[in-house]
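Ready for some practice in reading a protein model? Work through the exercises below at your own pace, and try each task before you look at its solution.

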Amino acid sequence: DKFLAFYALQHTGSENPEFVRYQHGLLGYFSGMSMVNNYEFATGPMNDQANKVYRPMVITYRNGDGLMETIQWSGFREGVDDMRYMTYLKQLAAEAGEKGDLGARIAAKKALLYLALLPRDRPDLNAIRAETIAHILKLRKALGK
């Protein structure tokens, strides 16, 4: 019922979308968070060298047509989706554990065991996403959704 977020994780990240995805997605989930609360936009210069001390603390910038895409932004969006999938899976598992029939409760326990056993060090983010979606679909079916 309650959501817990983190703030002030490294804002910019490296030019490595997988790192940014993990940092804003599963790393937050593994740390007990259920949402992301970081700012990722700038209204200032698009030049990373504009400030002599710090790089701008953002990963994307506004332009006349919306957002200027960066590879960090792509990773951030995927990380937010990872967090959403994990949070939704835990919500479904809790519902199935409380209200479901025996099959739904078993599916909930399997999903929670899957989450508990996820590798924390260098996980395969795409494989985790696919397996998470498979558990979500099983729980939704078991709950008649």
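**Exercise 1. The two sides of H5**

Task: In this predicted model, find which exposed residues lie on the face of H5 turned away from its buried side.

Solution:
- Begin with the helix itself: H5 runs over residues 125-142, 18 residues in total. From first C-alpha to last, H5 reaches 26 Å, close to the 26 Å expected at 1.5 Å a residue.
- Next, pick out the buried residues of H5, which are Leu125, Ile128, Arg129, Thr132, His135, Ile136 and Leu139. They cover an arc of only 130° around the axis, and therefore lie on the same side of H5.
- A general point helps here: an α-helix has 3.6 residues a turn, so residues three or four places apart point the same way.
- Now turn to the face away from the buried side: its exposed residues are Asn126, Leu137, Lys138 and Lys141.

**Exercise 2. Neighbours and ends of H5**

Task: Work out which helices the buried residues of H5 pack against, then look at what lies at the start of H5 and what follows H5.

Solution:
- The packing partners are helix H1 (17-24), helix H2 (26-30), helix H3 (71-99) and helix H4 (102-116).
- At the start of H5, Asp124 brings a side-chain oxygen to within 3.2 Å of the backbone nitrogen of Asn126.
- After H5 comes Gly144, with a positive phi near 70°.

**Exercise 3. The core**

Task: Name the residues with the most contacts inside the largest nonpolar core.

Solution:
- This core has 22 residues, and those with the most contacts inside it are Leu26, Met86, Leu89, Leu115, Leu118 and Leu139.
- As for where the core comes from, H2, H3, H4 and H5 each supply at least two of its residues.
- Take Leu26 as an example: leaving aside residues up to four places away in sequence, Leu26 touches Arg21, Met86, Pro123, Leu125 and Ile128.

**Exercise 4. Aromatic rings**

Task: Decide whether the rings of Trp73 and Phe76 are stacked or edge-to-face.

Solution:
- With pairing taken as ring centres within 6.5 Å, the count is three aromatic pairs.
- The centres of the Trp73 and Phe76 rings are 5.5 Å apart and their planes meet at 25°. Planes under 30 degrees apart count as stacked, so this pair is stacked.
- Trp73 and Phe76 are three residues apart in helix H3, which means about one helical turn separates them.
- Trp73 counts as buried at 9% relative accessibility, and Phe76 counts as buried at 9% too.
- Elsewhere, ring pairs join Tyr22, Tyr29 and Phe30 in a cluster.

Definitions and conventions: Residues are numbered from 1 along each chain as its sequence is written. This is a predicted model: local features need pLDDT of at least 70, side-chain atom pairs count only at pLDDT 80 or more; totals for chains, interfaces and linings use all residues. Side-chain values use heavy atoms; hydrogens and water are left out. Helices (H or I, at least four residues) and strands (E, at least two) are DSSP runs, numbered from the N terminus. The expected span of a helix is 1.5 Å times one less than its number of residues. Buried means under 20% relative accessible area, exposed over 50%, partly exposed in between (1.4 Å probe, protein chains only). The arc is that of the directions from the helix axis to the C-beta atoms. Contact means heavy atoms within 4.5 Å. A polar contact is a pair of N or O atoms within 3.5 Å; within protein, one must be able to donate a hydrogen and the other to accept it, and residues adjacent in sequence count only if both atoms are side-chain atoms. A nonpolar core is a set of buried Ala, Val, Leu, Ile, Met, Phe, Trp, Tyr and Cys residues joined through side-chain atoms within 4.5 Å. Rings of Phe, Tyr and Trp (its six-membered ring) pair if their centres lie within 6.5 Å; planes under 30 degrees apart count as stacked, over 60 as edge-to-face and the rest as tilted.
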